[in-house]
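This report describes how a protein and its DNA strands meet, and then turns to several individual residues. Please keep the sequence and the structure in view while reading.

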2 protein chains.
Amino acid sequence: MVDETKVVENPITIEDIARAADVGIATVSRTLNHPEIVRKDTRDKIMQVVHELGYIRSGAARALASKQTFTVGAIIPTLNNAIFAACMENFERVLSRANYTLLITVTNFDRDQETMQLHKLLERGVDAVLLIGLDHSKKSFALLEKSKVCAVSIFGSRQSGKIPCIGFDNRKASETIVQHLVSLGHKRIGMIAGITRGNDRARDRKKGVISALEKNNLVYHPSLFIETRYSHEHGRQAFQTLYGQKIKPSAIICGNDVLAMGALFEADAHGIRIPDQVSITGFDNLPITEHLKPALTTIDVPSAAMGVRAAEAIVQKLKTGEKIKSRLLEANLLIRNTTGPIKV
Amino acid sequence: MVDETKVVENPITIEDIARAADVGIATVSRTLNHPEIVRKDTRDKIMQVVHELGYIRSGAARALASKQTFTVGAIIPTLNNAIFAACMENFERVLSRANYTLLITVTNFDRDQETMQLHKLLERGVDAVLLIGLDHSKKSFALLEKSKVCAVSIFGSRQSGKIPCIGFDNRKASETIVQHLVSLGHKRIGMIAGITRGNDRARDRKKGVISALEKNNLVYHPSLFIETRYSHEHGRQAFQTLYGQKIKPSAIICGNDVLAMGALFEADAHGIRIPDQVSITGFDNLPITEHLKPALTTIDVPSAAMGVRAAEAIVQKLKTGEKIKSRLLEANLLIRNTTGPIKV
DNA sequence: TTGAAAGCGCTAACAG
DNA sequence: CTGTTAGCGCTTTCAA
């Protein structure tokens with residue numbers, strides 16, 4: 001704790017302002033928090049002093065006295081996927097406008113990590129927490145319940161009873177993909193899924209594919225279903241594995257766009273024509289996918305909307321106490337050029 | 001402030017622990033902060049109670065009493081560019097391991113916005129601040145100076161005297177690109193630059209190109225230099241503009257990879273062969289660029305390294321008071337397949 | 001409208 | 001090694 005730099009970080013306090021403006025500290029506090037209940041001239045005088053002295057309020061003291069930090073925590077798997085980054089960007093923007101600051105922590109898809117992060121956020125006194133999906137550790141749920149902190153989940157499908165969820169139906173979206181493929185005549189369908197353990201979104205996407213397969217009386221070939229981490233490289237590798245099978249799938253559904261792009265790249269590298277030889281689908285609709293050639297058929301996940309809605313709901317709740325309602329947004333299939341009729 | 005939900009957020013306090021463990025509150029505080037100076041059995045007893053009661057420390061009270069929040073703020077232009085997202089991911093990881101939490105705010109390349117965000121972070125009592133580049137408002141610098149908060153800048157080139165900078169030489173990197181192009185015989189070189197106003201990185205990259213052009217006795221055609229926002233769409237558009245000129249450039253240098261990809265997409269859409277008809281270069285080395293076909297020639301910006309180094313330096317400084325040294329990291333040219341010899 | 005004063009929950013001397 | 005106590009800077013009754 002030896003540190004000459006942190007001496008008197010922000011020496012000037014509300015008392016200094018009060019003294020300089022010749023008023024009581026309560027009045028200063030009031031003009032800062034509820035200007036309308038302070039007479040205009042005292043208020044003006046105070047604000048002038050505030051600016052002159054470059055006063056910066058102590059959030060810590062404020063939080064301690066008021067039990068509010070004007071801070072919201074988000075616990076996300078990673079920032080390395082544009083889908084989360086975009087979502088956070090919007091989430092932050094809305095929060096920021098309402099004067100909240102965003103605390104971000106990353107779990108790297110590890111639930112225990114998530115629990116620890118949640119604990120830390122709670123210590124920091126966040127007024128609300130944003131979580132991804134519904135798959136959380138018992139301890140996390142216990143913490144949420146005990147702390148009674150305002151919590152919202154996004155990206156998830158189910159209307160979990162535990163915390164309100166502003167998401168979309170991952171499973172249904174997957175089924176839409178299968179339906180589309182089936183309508184093109186595909187029968188032997190494979191999948192490059194994300195790791196489903198501890199990830200309800202990945203699991204729902206996979207389940208959706210399997211159930212839609214069965215609904216269409218198509219056989220589900222476990223050997224054509226690979227689970228792998230989200231990266232271009234893993235997508236490429238998985239594609240190679242699938243396409244290396246004696247009986248190749250005519251269509252490959254990918255758990256997200258990153259995986260799909262990996263598959264596309266690998267196909268391209270081997271001169272495999274898409275969609276003539278294999279159809280490929282993604283999931284997320286990353287901005288770049290529409291520019292690819294062929295443009296990726298994918299699910300348009302409402303990531304920005306979820307970020308915005310979640311932030312709005314949180315701000316609303318924090319301001320008025322209005323309960324947050326779960327809500328399912330649209331996630332539509334975008335048919336582009338990586339899927340096509342099966343060739344006989 | 002009417003809100004039945006925020007009643008008794010975390011009712012249990014250090015006093016409850018002290019009482020339940022039959023010790024003084026100071027001892028509880030000690031076992032939580034400096035366990036080594038507490039006798040093992042009292043410590044154990046206390047920790048047991050802590051876990052039993054699910055005690056969560058009040059960061060606000062801690063901060064108020066100790067003048068430390070264990071919180072670091074980052075002010076970045078956007079999360080929508082993978083280069084920043086990746087950098088933040090690494091920054092957060094290192095901070096998190098040292099028990100710091102990351103506060104992220106986004107400016108959307110607006111300096112006034114940045115100043116406001118900085119002010120907010122300072123109110124929140126961040127122990128340190130991360131900034132992008134060296135181009136900040138006077139007010140921002142004043143705030144930094146006055147608050148004496150630990151600040152670090154990344155992505156910048158210059159060894160600014162104001163705040164330590166862990167970056168790389170944007171200008172030199174640009175010159176390398178020109179050099180490469182010149183060695184391939186290119187003479188008529190254009191550029192799709194980012195908006196340089198309020199953005200020293202974009203400015204340095206552009207300056208580097210211009211000065212290298214002059215060094216090589218090539219003429220700088222202002223009409224071949226476009227400044228535009230960072231997006232695929234703007235890249236495409238700018239490419240179209242440049243390639244629509246009566247005398248087309250034989251090489252186009254892009255201010256970042258997003259712009260370069262836009263150019264690539266647009267060229268592709270018009271059947272313009274890269275690099276046969278035009279050479280194109282990027283800047284950043286986004287993960288996807290190596291998978292593109294043709295793979296993008298670009299500058300390998302050490303974004304992850306900057307995130308890690310900055311976080312390490314901050315943690316070090318906060319722990320030991322050790323001053324943060326500015327440092328320039330390597331940013332090398334990656335010659336891939338979007339650049340080739342000029343055809344006569 | 002304003003001021004005085006009582007905490008908010010914790011850390012860090014200080015004394016034992 | 002442990003307990004007592006004085007704040008940290010602010011919000012918020014409660015009176016005036």
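Of the atoms of DNA strand D within 4 Å of the protein, what percentage belong to sugar or phosphate? The share is 63%, and the rest of these atoms belong to bases.

The model is predicted, so local features need pLDDT of at least 70 and side-chain atom pairs count only at pLDDT 80 or more, whereas totals for chains, interfaces and linings use all residues. Residues are numbered from 1 along each chain as its sequence is written, chains are lettered from A and ligands numbered from 1 in the order in which they are written, and side-chain values use heavy atoms, with hydrogens and water left out.

## The surface near DNA strand D

A residue is near a strand if one of its heavy atoms lies within 4 Å of it. DNA strand D has 27 residues around it, and those that come nearest are Ile14(A), Ser29(A), Tyr55(A), Thr27(B) and Arg30(B). By class, this surface holds twelve nonpolar, nine polar and six charged residues. In this classification Ala, Val, Leu, Ile, Met, Phe, Trp, Tyr, Cys and Pro count as nonpolar, Asp, Glu, Lys and Arg as charged, and the others, Gly among them, as polar.

Polar contacts add detail; such a contact is a pair of N or O atoms within 3.5 Å, and within protein one must be able to donate a hydrogen and the other to accept it, while residues adjacent in sequence count only if both atoms are side-chain atoms. The table lists such pairs for both DNA strands.

| Residue | Protein atom | DNA atom | Distance |
|---|---|---|---|
| Asn33(A) | polar side-chain atom | phosphate oxygen, strand D | 2.8 Å |
| Ala61(A) | polar backbone atom | base nitrogen, strand D | 3.4 Å |
| Arg62(A) | side-chain N or O atom | phosphate oxygen, strand D | 3.0 Å |
| Gly24(A) | polar backbone atom | phosphate oxygen, strand C | 2.7 Å |
| Arg39(A) | backbone N or O atom | phosphate oxygen, strand C | 3.1 Å |
| Ser58(B) | backbone N or O atom | phosphate oxygen, strand C | 3.5 Å |

Which element gives the most residues to the surface near DNA strand D? It is H2(A), with five residues. Helices (H or I, at least four residues) and strands (E, at least two) are DSSP runs, numbered from the N terminus.

## The surface near DNA strand C

DNA strand C is surrounded by 26 residues, the closest being Thr27(A), Arg30(A), Ile14(B), Ser29(B) and Tyr55(B). Of the atoms of DNA strand C that come within 4 Å of the protein, 66% are accounted for by sugar and phosphate. H2 and H4 of chain A, together with H2 and H4 of chain B, each supply at least two residues of this surface. The largest share, five residues, comes from H2(B). Its residues divide into eleven nonpolar, nine polar and six charged.

## Packing of H2 in chain A, and a residue of H2 in chain B

Helix H2 (residues 25-33) of chain A packs against helix H3 (residues 40-53) of chain A at an angle of about 90°, and their axes are 10 Å apart. H2(A) is therefore roughly perpendicular to H3(A), a term for angles of 65 to 115 degrees; under 35 counts as roughly parallel, over 145 as roughly antiparallel and the rest as oblique. Axes are lines fitted to C-alpha atoms, for helices over the stretch in contact, and angles run from 0 to 180 degrees between N-to-C directions.

From H2(A), Thr27(A), Val28(A), Thr31(A) and Leu32(A) meet Arg43(A), Ile46(A), Met47(A) and Val50(A) of H3(A), where contact means heavy atoms within 4.5 Å. These residues comprise five nonpolar, two polar and one charged.

In chain B, Thr31(B) has its place in helix H2 (residues 25-33). Is Thr31(B) buried or exposed? Thr31(B) counts as buried because its relative accessibility is 3%; buried means under 20% relative accessible area, exposed over 50% and partly exposed in between (1.4 Å probe, protein chains only). Not counting residues up to four places away in sequence, Thr31(B) touches Val38(B), Arg43(B), Ile46(B) and Met47(B).

## Further residues of chain A

Asn199(A) is placed in the loop between strand E6 (189-194) and helix H9 (200-215) of chain A. With a relative accessible area of 3%, Asn199(A) is buried. Apart from neighbours within four places in sequence, Asn199(A) is in contact with Phe109(A), Asp135(A) and Tyr230(A).

Leu318(A), in helix H12 (residues 303-320) of chain A, is buried at a relative accessible area of 15%. Leu328(A), in strand E11 (residues 327-329) of chain A, counts as partly exposed at 36% relative accessibility.
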